[in-house]
Amino acid sequence: MRNYSTPLVSPWRRVLESNALGKIDRIIWFENEALVVSGNGRRVRTIRYTEGLELWELAPPVIHEPKHSHIIKNHRDSGTIHILSDDLLWSVSSYGEMLWSVELPSKSTLKNLFLLSTSQFVVVISLDSNINQLIFTYHEKVHGTKTSSKSIRWSLDLNETKKSCTTANDIFLCSIKNHLSIYNSPASNSIQSTTDDIVPEQLTFSDSIENYKVIYETNTNILVLVTLINNDKVLYKFFRQQQATSSDNSNWEYIQLEIFTKYPNSVYSVAMEKGNLILIQAYATEQKLNFQKYTVNERSIVLSRTYAVELPELMGDIEYLQYHSNNSPLATLRMNDGSLVVIKFGEHGAELILHRDESLSAIVSAEAFDLSLSIGQMRIEEEFGGTGMLSMFIRRITTQTSQLISFVLKIVDFIIHRHKNQDFMEKQAALVRDEFNLNKILVVVTSVGKVFGILTQSGNILWKQFYNDFTPFDNFNQPSVPLFNIRTAAHYTHQPLASIYSQNTQIKTFNPYTGDNVANLCTTLPYQIRRVFVSSQIDEEFKKVLLLIDKKNKVHTFPSVPLIRALGTTTPTYIYLFDKTEQAFNGYHLTVNDNEQTSTDLQEVWRVVFKNEDVVNIHTRLSTDRVHSNGIVLGDRSVLYKYVNPNLIAVVTEGVDYQKVPFVNLYLVDTVTGSIKLARTHKKVKPPVHVILAENWLLYTYYNQRYRRYEAVSAALFEGYTQYNFSSFSSFDPIVPMTETKAYILPYGVTAIQVTTTEKGITAKDIIMATPNGMLIEIPWMFIDPRRPLDMTQMDREEGLIMYTPELMINYEYVINYYQFVYNIRSIHTMATGLESTSAVFAYGLDLFYTRVFPSRLFDQLKDDFDFMFIGWATIAFVVGSYFARRFASNYTTKKAWK
Amino acid sequence: MYNILFIWLTVFTVIVHSQSSHDSPAITSEGNGSYKIEGKILIPPGDNSLETTRVLIDDGQYIGIPQVDGTFVVCGIPSGSYVVSVVSPLHVFEPVRVDINVKGKIRARKVNHIQPGEVVTMKYPLNFETHGIPNYFQKREVYRLTDVIMNPMFLTLLVPLLLLLVLPKLASTDPEIQRDFQQASNMLQPNFNNPIPDISDVFANFLGGPKKSKPPQIQGGSGGGSSTSGSGGAVSAAPKRKTTDQTKRKS
């Protein structure tokens, strides 16, 4: 993500794979390069600090999909890294050499969990849940050969072991209730020894252990911080007897250090500073960060200084702290709201030197809000209205005079003050709707519960609001937060409103221009929300009414108004719900008996069940989708009518057929009647399937495994050459739509896809496609039109169709982000502007990108480089010329007359 | 409950050559082993666009980072067929298909989406040469005089104008045609002048208004003749004489 307001300049950036392989397990920092282990120990690469280029990369000789990994740096030999990745143990040296790799015995009940290194051995600690034993297997350090193993009885199960045990240097730690067991284990033997010489030392506490953490480990020192359930904190310092230099017989000794202050969510970090061991304790209180700096001495711990830093906003608790003290002491923190904060400690106290909202890379929903009208524009709105002729007249006259006065005052103000308050004026102007309504406020909700208001013209963050306890809905394994525009800026006496919904039954309503909460509209509902719909009706305060369906299929309204008001009276309301456990779509009819009723049960009218295939996604049309014309004029001047059904949804399912061939199905389901209007099946196809449903057409993309290429299929539905009912559409009309389908080969993969939207839908619709290579491509609809003919006829030529070619040729001119490549785009949001030709595009994912596109070129606006001077001078020249021409002409005629 | 009508239609219209529907026999879809794909990116010296260059294998299933000299290695790839593409905002590179068989033998060939089975082998280790800077921008339209002159609108205006100028000259030599032309122009003249006001007249009226309105004032005998308007002068000459006669008679 790129946040323009913070002064961080990253000299380079490397984006790894967006799949499991790119997930970083551990980074080990060396002098000039960083060693990055990613994909659960599947790959090791080193990246140079100077320009971010690679030095070397290695992968183990066996490929598998590991679930668990443990990576350690050998403490006796800091250039060696040992990686345990499920059943594989391998070692690399820091200069890019694969030292050895060993495949460990694979058994379903045997799980290899931890690694530790001694001077001669690498020890794998694995749990055999079948015989309840914890096995220590010794591998020789230089060649990796297995030398011996020991086992002890074990009572914990796999998850408990993973959670409560860890290794530090060459000791193995495990917490059980109020004991911390220390297996100073492998110390003893290189000799082939039998079992049971692994006897743990136990530390016993007054209360159960909440958690413990190894906060510092070197060859001679280990610091372990234990937190008890009652929030007591105990620090243990382990140190090694120095007398036995390199032999394994040196045992660790430990001492207990002072118990600190009781802050429930404090975090710790330790670093060496000028020969002293410094421990930093940090905790957040409201909008403040507190730091305590301790010096850890041989047998005591001394508080040396405290710091406090005011934060610019509420960020929640600290998730992670790292203290560095190389040149100047710095602390890097990650906060609950996804912020990255860097604090500098100086002589005069601590100061915040960097703050980045990293949560912007985890946007789950985005909505654009029109900016509010300026006062002048509002007055124009005020002009109209009134009842009697006289009152209307007076109203117009008064408002127009006041407009005139304010205009004069503005000019006077401009002349007097000039540049004095220009900054302020510019800031104000940024928040006022421009002439063509091109600039907007983007309200984005992130998965951590932080909501941002972003100005589209600059990308600046206007406001932020952090909702601490906000959990997104789960929409087919993707987090999603429903975000609704409840009241627009048009009702200017009331502030505009937006609402977001969380899974934990919370509704938050805020003003999209300021981010301020509206207290009386933020509540916790007494029921669990299953789905939220926005109704077309508004209440007395011009707020849109939302229909909430709870887990018991009861319909509620928010704000609470009688249902009869929330539903349109003219058309019956149908609602569909998807049941994940049964893989079924249910359609319901909403009926209201009583006038004052605010909630009702749903009546099922249809049901579509999918068997042997799983629904993986549901796509609906954009709420902003506009259909301008009902048909297409063909070459012979006849009209082909579009089948524009607003009730359609696209359902993508996945499955494996009886021949074990994977397939993907796609259905268009009418949500009023439950009938299927279109069904397509594709065999040997790999998801993800990206779908757009707009107007009367559908476009989807997938990876064809058979031909190893990405393909896009477009399909359009038509009613035919006659229209069943030209005035309105009903799902109950007996129309069987005709379909036209074409498939195209895409040159790149697809990560997100969307269609442009314009105000009236007159402009052609283009497809915006985000590709894994970082481009955003605008593909004209003409190219993916399912009516592209296989052989051109005169009629097709007359209509302007292009001949079908399977390959979509993508020109670099269609790339809308030019040199600014954006990676891992998850979704694209398009919005209409006040100009019919212009559609705004906001792509989000790891990076954010916003631009405007003109699918049919700029037909309603002059070009940027339009030469006003030239036109002006030409007009003047014509006027002057005509004047002189007239004189010359009259002279000429007089002379002629005198002849 | 509700009858569902499944409309199964023909699925595909992508035209694929019948020969090409066979995959390379040596390659299995289930990959195993761990191999590496190597290559070199050749960009002109002094160009530091290597820092923004990425190596994508199968559209980001595996991602490689180039080294200082432009070489790259992507490790841990099971046998199979992959499209290796080098992506940079500043350079265009052609993608290459790399096949790794179960024994670990690697061959590189041209990417052909229409006929995936076709083999046009390429060099391995891969060499990616830049095909220049991608052209993201359309050329801005520049104002040129030839554009204006060759504009059809301009031509339609120009041709009648030329005819108007040239035709009378041609006709003036022959008296008979001249007469015909005169007649024709007389026929045209009233239509032209009277019902539709001439645009130059309107402008001249608008700009040189006071001067044109002088002649009627002169008729009233208030001022001297205007020198500029010849016709006005001719008209005003007569009444002036009349007034002098009247004064003479009175005297």
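Reader: In this predicted model, which residue forms a salt bridge with K765(A)?
Author: Side chains of opposite charge can pair when their charged atoms come close. For K765(A), the closest N and O atoms of the salt bridge are 3.8 Å apart, within the 4 Å cut-off. The partner is D625(A).

Reader: How many residues apart in sequence are the parts that K765(A) and D625(A) tie together?
Author: K765(A) lies in the loop between β56 (752–755) and β57 of chain A. D625(A) lies in the loop between β46 (614–620) and β47 (631–633), so the pair ties together parts of the chain that are apart in sequence by 140 residues.

Reader: Is D625(A) buried or exposed?
Author: Buried means under 20% relative accessible area. Its partner K765(A), at 8%, counts as buried. The relative accessibility of D625(A) is 9%, so D625(A) counts as buried.

Reader: Which residue forms a salt bridge with D847(A)?
Author: D847(A) sits in the loop between β60 (839–845) and β61 (848–853) of chain A, and its partner is in the segment before β1 (24–29), 834 residues apart. The closest N and O atoms of the two are 2.9 Å apart. The partner is R13(A).

Reader: Which of the classes buried, partly exposed and exposed fits R13(A)?
Author: D847(A), at the other end of the salt bridge, has a relative accessible area of 6% and is buried. R13(A) has a relative accessibility of 36%. Buried ends at 20% and exposed begins over 50%, so R13(A) counts as partly exposed.

Reader: Where in chain A does K683(A), which pairs with D657(A), lie?
Author: D657(A) and K683(A) form a salt bridge, with the closest N and O atoms 3.4 Å apart. D657(A) is in the loop between β49 (648–656) and β50 (662–670), and at 12% relative accessibility it counts as buried. The two residues are 26 residues apart, and K683(A) lies in strand β51.

Reader: How many salt bridges does the structure hold over all chains?
Author: Among the residues involved, E313(A), D337(A), D357(A), K450(A) and K464(A) are linked in a network of salt bridges. Between chain A and chain B the count is zero. Over all chains, the number of salt bridges is 29.

Reader: What area is buried between chain A and chain B?
Author: The size of an interface is often given as the accessible area lost when the parts come together. Here 82 residues of chain A are in contact with 74 residues of chain B. Carbon and sulfur atoms give 58% of the buried area, which is about 6,800 Å².

Reader: Which element gives the most to the side of chain A that touches chain B?
Author: Between the two chains there are 14 residue pairs in polar contact, both residues at pLDDT 80 or more. Elements of chain A that each supply at least two residues to this side include β3 (43–48), β54 (709–720) and α8 (868–898). With nine residues, the element that gives the most is α8(A).

Reader: How many residues of the side of chain A that touches chain B are charged?
Author: The residues of that side divide into three groups. Nonpolar residues number 45 and polar residues 13. The charged residues number 24.

Reader: Which side chain makes a polar contact with the side chain of K293(A)?
Author: K293(A) lies in strand β23 (residues 288–296) of chain A and is buried, with a relative accessible area of 11%. Leaving aside neighbours within four places in sequence, its contacts include I278(A), V302(A) and Y323(A). The polar contact, at 3.4 Å, is with E273(A).

Reader: Which cysteine does the disulfide join to C165(A)?
Author: The structure holds one disulfide over all chains. Both of its cysteines are buried, and the S to S distance is 1.7 Å, within the cut-off of 2.5 Å. The cysteine joined to C165(A) is C174(A).

Reader: What is the relative accessibility of G774(A)?
Author: G774(A) lies in the loop between β57 (766–770) and β58 (776–780) of chain A. Not counting residues up to four places away in sequence, G774(A) touches N817(A), F821(A), V822(A) and Y823(A). G774(A) counts as buried, its relative accessibility being 0%.

Key
Residues are numbered from 1 along each chain as its sequence is written. Chains are lettered from A and ligands numbered from 1 in the order in which they are written. This is a predicted model: local features need pLDDT of at least 70, side-chain atom pairs count only at pLDDT 80 or more; totals for chains, interfaces and linings use all residues. Side-chain values use heavy atoms; hydrogens and water are left out. Contact means heavy atoms within 4.5 Å. Buried area is the accessible area (1.4 Å probe) that two parts lose on being put together, summed over both. A salt bridge is a side-chain nitrogen of Lys or Arg within 4 Å of a carboxyl oxygen of Asp or Glu. A polar contact is a pair of N or O atoms within 3.5 Å; within protein, one must be able to donate a hydrogen and the other to accept it, and residues adjacent in sequence count only if both atoms are side-chain atoms. Helices (H or I, at least four residues) and strands (E, at least two) are DSSP runs, numbered from the N terminus. Ala, Val, Leu, Ile, Met, Phe, Trp, Tyr, Cys and Pro count as nonpolar, Asp, Glu, Lys and Arg as charged, and the others, Gly among them, as polar. Buried means under 20% relative accessible area, exposed over 50%, partly exposed in between (1.4 Å probe, protein chains only).
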